[in-house]
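Trainee: I would like to learn how buried helices and nonpolar cores are read from a model. Could we go through one together?

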Amino acid sequence: MIDQDDIPVVAGALPYFKRLSKKEKEIYIQKMRKERFLRGENIHSGEKDCEGLMIVKSGRLRVYIISDSGREATLFRPVPGEVCVLTASCVMRNIDFEVIIDAEEASEVLILPVQNYQEIMQTSAEAADFTNQVIASRFTDVMWVMEQILFTSLDKRLALFLLDQTLSEEKDVISITHETIAGHLGSAREVITRMLKYFEREGMIEVFRGGIKILDPAKIKKTAGMG
(Lines give C-alpha, C1' and ligand atoms only; values in the text may rest on other atoms or scores of the structure.)
Protein backbone atom coordinates (compact mmCIF):
# COMPACT_ATOMS: atom_id res chain seq x y z
CA MET A 1 0.00 0.00 0.00
CA ILE A 2 1.26 3.49 -0.84
CA ASP A 3 0.97 6.66 1.24
CA GLN A 4 -1.19 9.68 0.52
CA ASP A 5 1.86 11.69 -0.54
CA ASP A 6 2.58 9.07 -3.20
CA ILE A 7 -0.77 9.56 -4.95
CA PRO A 8 0.23 12.86 -6.66
CA VAL A 9 3.32 11.06 -8.00
CA VAL A 10 1.12 8.36 -9.51
CA ALA A 11 -1.34 10.91 -10.89
CA GLY A 12 1.51 12.91 -12.43
CA ALA A 13 3.05 9.87 -14.12
CA LEU A 14 -0.21 8.36 -15.37
CA PRO A 15 -2.31 10.93 -17.30
CA TYR A 16 -5.42 8.74 -17.09
CA PHE A 17 -5.30 8.23 -13.30
CA LYS A 18 -7.72 11.04 -12.37
CA ARG A 19 -10.34 9.63 -14.74
CA LEU A 20 -10.28 6.12 -13.27
CA SER A 21 -13.21 4.86 -11.26
CA LYS A 22 -13.00 4.85 -7.47
CA LYS A 23 -12.50 1.07 -7.56
CA GLU A 24 -9.68 1.32 -10.08
CA LYS A 25 -7.93 4.04 -8.06
CA GLU A 26 -8.20 1.85 -4.96
CA ILE A 27 -6.34 -0.91 -6.78
CA TYR A 28 -3.40 1.45 -7.19
CA ILE A 29 -3.55 2.70 -3.61
CA GLN A 30 -4.04 -0.72 -2.01
CA LYS A 31 -1.89 -2.93 -4.26
CA MET A 32 0.95 -0.62 -5.21
CA ARG A 33 4.05 -0.87 -3.03
CA LYS A 34 6.95 1.44 -2.42
CA GLU A 35 10.49 0.10 -2.58
CA ARG A 36 13.90 1.68 -2.07
CA PHE A 37 17.00 0.52 -3.89
CA LEU A 38 20.63 1.32 -3.22
CA ARG A 39 22.91 2.61 -5.94
CA GLY A 40 23.90 -0.29 -8.17
CA GLU A 41 21.25 -2.65 -6.78
CA ASN A 42 19.53 -4.89 -9.29
CA ILE A 43 15.77 -4.41 -9.67
CA HIS A 44 14.90 -6.69 -12.56
CA SER A 45 16.88 -9.47 -14.23
CA GLY A 46 15.63 -10.63 -17.60
CA GLU A 47 13.55 -13.79 -17.29
CA LYS A 48 13.93 -14.11 -13.52
CA ASP A 49 11.10 -11.83 -12.49
CA CYS A 50 8.15 -9.90 -13.86
CA GLU A 51 7.17 -7.11 -11.55
CA GLY A 52 4.72 -5.03 -13.57
CA LEU A 53 4.40 -1.26 -13.76
CA MET A 54 7.03 0.91 -12.08
CA ILE A 55 6.98 4.65 -11.43
CA VAL A 56 10.23 6.32 -10.44
CA LYS A 57 9.63 8.58 -7.42
CA SER A 58 13.25 9.58 -6.83
CA GLY A 59 16.71 8.69 -8.13
CA ARG A 60 17.43 7.24 -11.55
CA LEU A 61 17.30 3.75 -13.05
CA ARG A 62 19.31 2.15 -15.81
CA VAL A 63 17.63 -0.19 -18.28
CA TYR A 64 20.10 -2.19 -20.35
CA ILE A 65 20.82 -5.40 -22.23
CA ILE A 66 23.81 -7.74 -22.15
CA SER A 67 25.13 -9.60 -25.16
CA ASP A 68 26.19 -13.26 -25.07
CA SER A 69 29.78 -12.04 -24.82
CA GLY A 70 28.96 -9.99 -21.74
CA ARG A 71 29.00 -6.54 -23.34
CA GLU A 72 26.39 -4.10 -22.00
CA ALA A 73 24.41 -1.36 -23.75
CA THR A 74 22.18 1.15 -21.96
CA LEU A 75 18.75 1.54 -23.56
CA PHE A 76 17.22 4.27 -21.41
CA ARG A 77 17.50 5.78 -17.93
CA PRO A 78 14.13 6.51 -16.28
CA VAL A 79 14.09 9.52 -13.93
CA PRO A 80 11.52 10.78 -11.36
CA GLY A 81 8.02 10.96 -12.79
CA GLU A 82 8.68 8.46 -15.56
CA VAL A 83 6.97 5.12 -16.03
CA CYS A 84 8.90 1.91 -16.60
CA VAL A 85 7.15 -1.24 -17.82
CA LEU A 86 9.82 -3.68 -16.69
CA THR A 87 9.26 -6.25 -19.41
CA ALA A 88 6.78 -5.78 -22.20
CA SER A 89 5.75 -9.42 -21.93
CA CYS A 90 4.47 -8.70 -18.41
CA VAL A 91 1.55 -6.69 -19.71
CA MET A 92 1.40 -7.33 -23.46
CA ARG A 93 1.00 -10.72 -25.12
CA ASN A 94 3.26 -11.82 -27.95
CA ILE A 95 6.00 -9.36 -26.95
CA ASP A 96 9.19 -10.78 -25.52
CA PHE A 97 11.70 -8.13 -24.61
CA GLU A 98 14.21 -9.02 -21.92
CA VAL A 99 16.08 -6.25 -20.15
CA ILE A 100 18.01 -5.77 -16.94
CA ILE A 101 17.22 -2.85 -14.63
CA ASP A 102 19.52 -1.46 -11.95
CA ALA A 103 19.28 1.55 -9.68
CA GLU A 104 21.84 3.95 -11.16
CA GLU A 105 21.38 6.13 -8.08
CA ALA A 106 19.74 5.47 -4.72
CA SER A 107 16.12 5.31 -5.86
CA GLU A 108 12.59 5.08 -4.58
CA VAL A 109 10.03 3.47 -6.84
CA LEU A 110 6.33 2.65 -6.79
CA ILE A 111 5.44 -0.76 -8.21
CA LEU A 112 2.03 -2.11 -9.22
CA PRO A 113 2.15 -5.93 -9.63
CA VAL A 114 1.51 -7.13 -13.15
CA GLN A 115 -1.72 -8.96 -12.30
CA ASN A 116 -3.22 -5.78 -10.84
CA TYR A 117 -2.10 -3.68 -13.78
CA GLN A 118 -3.61 -6.18 -16.18
CA GLU A 119 -6.86 -5.86 -14.23
CA ILE A 120 -6.76 -2.08 -14.70
CA MET A 121 -6.13 -2.40 -18.43
CA GLN A 122 -9.09 -4.73 -18.83
CA THR A 123 -11.47 -2.09 -17.45
CA SER A 124 -9.76 1.11 -18.64
CA ALA A 125 -9.17 1.65 -22.34
CA GLU A 126 -7.09 4.73 -21.49
CA ALA A 127 -4.74 2.65 -19.35
CA ALA A 128 -4.31 0.10 -22.13
CA ASP A 129 -3.70 2.86 -24.69
CA PHE A 130 -1.16 4.55 -22.41
CA THR A 131 0.69 1.25 -21.98
CA ASN A 132 0.86 0.83 -25.76
CA GLN A 133 2.27 4.35 -26.06
CA VAL A 134 4.92 3.72 -23.39
CA ILE A 135 6.02 0.46 -25.00
CA ALA A 136 6.11 2.06 -28.47
CA SER A 137 8.15 4.96 -27.11
CA ARG A 138 10.62 2.64 -25.42
CA PHE A 139 11.06 0.55 -28.54
CA THR A 140 11.77 3.78 -30.41
CA ASP A 141 14.45 4.51 -27.81
CA VAL A 142 15.90 1.04 -28.31
CA MET A 143 16.01 1.46 -32.08
CA TRP A 144 17.78 4.81 -31.66
CA VAL A 145 20.38 3.20 -29.40
CA MET A 146 20.95 0.37 -31.88
CA GLU A 147 21.28 2.89 -34.72
CA GLN A 148 23.86 4.84 -32.72
CA ILE A 149 25.88 1.71 -31.99
CA LEU A 150 25.79 0.52 -35.57
CA PHE A 151 26.11 3.73 -37.57
CA THR A 152 27.46 6.55 -35.39
CA SER A 153 31.16 7.00 -34.64
CA LEU A 154 32.27 6.37 -31.08
CA ASP A 155 33.76 9.85 -30.62
CA LYS A 156 30.38 11.43 -31.38
CA ARG A 157 28.52 9.01 -29.12
CA LEU A 158 30.99 9.58 -26.30
CA ALA A 159 30.71 13.35 -26.68
CA LEU A 160 26.91 13.12 -26.58
CA PHE A 161 27.10 10.95 -23.48
CA LEU A 162 29.41 13.39 -21.67
CA LEU A 163 27.12 16.30 -22.51
CA ASP A 164 24.07 14.38 -21.32
CA GLN A 165 25.83 13.40 -18.10
CA THR A 166 26.92 16.95 -17.28
CA LEU A 167 23.37 18.15 -17.93
CA SER A 168 21.97 15.41 -15.70
CA GLU A 169 24.40 16.04 -12.85
CA GLU A 170 24.37 19.83 -13.38
CA LYS A 171 28.13 20.15 -12.99
CA ASP A 172 31.26 19.92 -15.13
CA VAL A 173 32.92 17.23 -13.02
CA ILE A 174 31.52 13.74 -13.59
CA SER A 175 32.16 10.90 -11.14
CA ILE A 176 32.19 7.88 -13.43
CA THR A 177 34.52 5.06 -14.43
CA HIS A 178 35.64 4.10 -17.92
CA GLU A 179 33.96 0.72 -17.46
CA THR A 180 30.64 2.39 -16.63
CA ILE A 181 30.83 4.56 -19.74
CA ALA A 182 31.64 1.48 -21.82
CA GLY A 183 28.54 -0.24 -20.42
CA HIS A 184 26.33 2.70 -21.37
CA LEU A 185 27.71 2.90 -24.90
CA GLY A 186 27.96 -0.81 -25.67
CA SER A 187 31.72 -0.63 -26.09
CA ALA A 188 34.82 -2.07 -24.41
CA ARG A 189 36.56 -0.33 -21.51
CA GLU A 190 39.89 -0.26 -23.33
CA VAL A 191 38.31 1.46 -26.33
CA ILE A 192 36.65 4.08 -24.11
CA THR A 193 39.96 4.71 -22.33
CA ARG A 194 41.71 5.36 -25.64
CA MET A 195 38.96 7.71 -26.78
CA LEU A 196 39.00 9.63 -23.49
CA LYS A 197 42.77 10.03 -23.79
CA TYR A 198 42.22 11.46 -27.28
CA PHE A 199 39.63 13.91 -25.90
CA GLU A 200 42.13 14.86 -23.20
CA ARG A 201 44.92 15.49 -25.72
CA GLU A 202 42.52 17.72 -27.65
CA GLY A 203 41.91 19.78 -24.50
CA MET A 204 38.24 18.86 -24.19
CA ILE A 205 38.43 17.08 -20.85
CA GLU A 206 40.69 16.21 -17.95
CA VAL A 207 40.66 12.58 -16.90
CA PHE A 208 41.35 11.69 -13.29
CA ARG A 209 40.90 8.57 -11.20
CA GLY A 210 37.19 7.88 -10.91
CA GLY A 211 36.03 10.82 -12.96
CA ILE A 212 36.20 13.36 -15.78
CA LYS A 213 36.27 17.17 -15.79
CA ILE A 214 34.84 19.03 -18.76
CA LEU A 215 37.27 21.72 -19.95
CA ASP A 216 35.91 22.77 -23.34
CA PRO A 217 32.12 22.21 -23.66
CA ALA A 218 31.99 23.98 -27.02
CA LYS A 219 34.54 21.61 -28.54
CA ILE A 220 32.67 18.61 -27.12
CA LYS A 221 29.43 19.91 -28.63
CA LYS A 222 31.16 20.28 -31.99
CA THR A 223 32.44 16.68 -31.74
CA ALA A 224 28.88 15.59 -30.92
CA GLY A 225 27.63 17.32 -34.04
CA MET A 226 25.83 20.04 -32.09
CA GLY A 227 28.10 22.97 -32.81
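Trainee: Which residue follows α7, and what is the sign of its phi?

Mentor: Helices are DSSP runs of H or I with at least four residues, strands are runs of E with at least two, and both are numbered from the N terminus. Here α7 is followed by Gly186, whose phi is positive, near 70 degrees. This is a predicted model, in which local features need pLDDT of at least 70, side-chain atom pairs count only at pLDDT 80 or more, and totals for chains, interfaces and linings use all residues. Residues are numbered from 1 along each chain as its sequence is written, and side-chain values use heavy atoms, with hydrogens and water left out.

Trainee: Why is α7 described as largely enclosed by the rest of the structure?

Mentor: Buried means under 20% relative accessible area, exposed over 50%, and partly exposed in between, with a 1.4 Å probe and protein chains only. Helix α7 (residues 178-185) is largely enclosed because 6 of its 8 residues are buried, namely His178, Ile181, Ala182, Gly183, His184 and Leu185.

Trainee: Which residues have the most contacts inside the largest nonpolar core?

Mentor: In soluble globular proteins, nonpolar side chains tend to be buried together. A nonpolar core is a set of buried Ala, Val, Leu, Ile, Met, Phe, Trp, Tyr and Cys residues joined through side-chain atoms within 4.5 Å. The largest one has 25 residues, and those with the most contacts inside it are Val10, Leu14, Tyr28 and Tyr117. The largest share of this core, 4 residues, comes from α1. A second, separate core of 21 residues includes Ile176, Ile181, Phe199 and Ala224.
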